[in-house]
Amino acid sequence: METFDIAIIGSGPAGMTAGLYAARAGLNAAIFERISPGGQLAQTEHLENYPGFPQGSGGFELAWSMHEQATNFGVKTITEEVTAVDFTQNPKLLTTAFGEYLAKSVVVATGARPRKLGIAREEELQGRGVSYCATCDGNFFRGKKVAVVGGGNTAVADAIYLSRICEKVYLIHRRDQLRATAIYHDRLKAIENIEFVWDSVVTELHDENGALSGVTVKNVKTEEQKQLDIAGLFVAVGTQPNTEFLQGALDLDETGYIVADETGKTAIPGVYAAGDVRTKQLRQVVTAVADGALCAEEAAEYLSE
Ligand code: NAP
């Protein structure tokens, strides 16, 4: 069984940067990835707040550039989902569907996934009108009416993206104020085919022949209900960390994020957490890459001791 100096679980910006820094530090590094590199970044249409790109950058393109850069320095990518870990032994043990791997140090950078609304028929209609990724699925609703749920940066970016390809976009938010960054507010107001549905939550999903045909929304202040006829519902109500496989192995906070300090150190020597998966103030690509670099640096120091 091959023993890596450092195993990085997850290949979003945090994982790929950890790989880049680890390889440049001369470590034998492997990144474990479930499907394809890039994480949430690869599903982001356009970024305006990653420094160095005055015209902005496509998320997919930036993700692939990060992957290429890490690979050029010798990081190995193993396309296998890590399903279990044993951090009580040294080297640490990672289990995937295809085998077992040993690593002297580990960086967990598994990121987060979209949170669900938790209403009836949501799972049944996923892929049949209910979506969690506007840039992946928006094109299926070209020229149609759709709705986005949420008031954060993702919801607003999704609404702006969809307004360019759909006939109309309802933005359904449970309060009367957006959580999204101020720069988005004026942009939204200037887009004619976005209609705000304030103080409202989606209570029911309706279908015709198994495909979404509309939703019932309830105003949480007046209790008034109304139906919106839409072909697509894009849910953007936040994220939840991909940490289920770590239960019992690492300290998680009450919402499932890995408890780690600003250098990524967890309570277990040689195990680090980077990017959206850890407790932190600001979840952005720029903070994820910084985390990746710090974790690789910490791991290199740990290995040299
Ligand atoms: P978020 O900032 O946590 O926003 C989630 C939104 O969904 C909030 O408006 C919240 O309402 C609403 N919500 C939560 N649960 C709900 C429910 N059950 N029903 C209805 N609405 C619900 O999540 P996000 O927008 O996915 O962003 C995640 C992180 O990525 C953030 O740190 C964000 O800044 C970052 N991000 C940044 C950019 C960018 O910089 N351009 C783009 C995308 C994401 P309340 O407001 O009432 O809580």
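This report covers one buried lysine and three sites with backbone features in a predicted model.

**K280 and its contacts**

K280 sits in the loop between strand 19 (271-273) and helix 6 (285-304). The residue is buried, because its relative accessible area is 16%, under the 20% cut-off. Its side chain makes a polar contact of 3.3 Å with the side chain of T287. A polar contact of 2.8 Å links the side chains of K280 and D291. Neighbours within four places in sequence aside, K280 is in contact with G275, T287, A288 and D291.

**Backbone features**

Most residues other than glycine have a negative phi, and most peptide bonds are trans. Two residues here carry a positive phi without being glycine: D199 and N209.

| Residue | Phi | Relative accessible area |
|---|---|---|
| D199 | about 50° | 11% |
| N209 | near 55° | 82% |

D199 lies in the loop between strand 13 (194-197) and strand 14 (200-208). N209 lies in the loop between strand 14 and strand 15 (211-219). Strand 14 thus borders the loop of D199 and the loop of N209. Their accessibility labels differ. D199 counts as buried, because 11% is under 20%. N209 is exposed, because 82% is over 50%.

The peptide bond is the feature at the next site. N90 and P91 are joined by a cis peptide bond, with omega about -5°. P91 is in the loop between strand 6 (82-86) and strand 7 (92-96).

Definitions and conventions:
Residues numbered from 1 in each chain as written. Predicted model: local features only at pLDDT ≥ 70, side-chain atom pairs only at ≥ 80, totals over all residues. Heavy atoms only, no water. Helix = DSSP H or I, 4+ residues; strand = E, 2+ residues; numbered from the N terminus. Buried < 20%, exposed > 50% of the residue type's maximum accessible area, 1.4 Å probe, protein only. Polar contact = N/O pair within 3.5 Å; in protein donor to acceptor, adjacent residues only side chain to side chain. Contact = heavy atoms within 4.5 Å.
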